[in-house]
Amino acid sequence: MYIAPAVFFAVFASLFYVPGFLDTPLGLLTPRELLSQTLFAVFGLIALAALARSIECDPMWPWRPGFRRTLDWLRRRPL
């Protein structure tokens, strides 16, 4: 399952978010803020790539054939 790394990296990226980053001129950023925002961007991109991979490969998405097969199997199951 590729959704777990996507969630993990998204949560990890949120730890490095710098509020008001786009309103601050680059010359006024401290090295810590610049590093933190760089890490936010890197981990955010990794999370987006993992989400795209999850959408492409995981059977948990409604448009994937594996999801429909599982749902059909659950519907035909006697109670």
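How far apart are the end C-alpha atoms of H2, and what span should its 27 residues have?

I opened the model, which is predicted, and began with H2. I took 1.5 Å a residue, which gives an expected span of 39 Å for the 27 residues of H2. The end C-alpha atoms of H2 are 39 Å apart, so the two values agree.

Next I looked up burial along H2. I noted Ser36, Gln37, Phe43, Ala47, Ala50 and Ser54 as buried. I found H1 included in what covers these buried residues.

I then checked Ser54, which sits in helix H2. Its relative accessibility is 0%, and buried means under 20%, so I entered Ser54 as buried. Setting aside neighbours within four places in sequence, I listed Tyr2, Ile3 and Trp61 as the contacts of Ser54.

Where is Tyr17 placed? I located Tyr17 in the loop between helix H1 (3-14) and helix H2 (31-57). With neighbours within four places in sequence left out, Tyr17 is in contact with Gln37 and Phe40. Gln37 is also one of the buried residues I had noted in H2. Tyr17 and Phe40 are 23 residues apart along the chain, and I read 5.7 Å between their C-alpha atoms.

Last, I turned to the surface. I recorded a nonpolar patch there, formed by Leu71, Trp73 and Leu74. Together these residues have about 300 Å² of accessible area. I placed Leu71 in helix H3 (residues 65-76). The relative accessible area of Leu71 is 30%, so I marked Leu71 as partly exposed.

Key: Residues are numbered from 1 along each chain as its sequence is written. This is a predicted model: local features need pLDDT of at least 70, side-chain atom pairs count only at pLDDT 80 or more; totals for chains, interfaces and linings use all residues. Side-chain values use heavy atoms; hydrogens and water are left out. Patches are made of residues with over 30% relative accessible area and no salt bridge: like charges are joined within 9 Å, nonpolar side chains (Val, Leu, Ile, Met, Phe, Trp, Tyr) within 5 Å. Accessible areas come from the Shrake-Rupley method with a 1.4 Å probe; for residues, only the protein chains shown count as cover. A salt bridge is a side-chain nitrogen of Lys or Arg within 4 Å of a carboxyl oxygen of Asp or Glu. Helices (H or I, at least four residues) and strands (E, at least two) are DSSP runs, numbered from the N terminus. Buried means under 20% relative accessible area, exposed over 50%, partly exposed in between (1.4 Å probe, protein chains only). Contact means heavy atoms within 4.5 Å. The expected span of a helix is 1.5 Å times one less than its number of residues.
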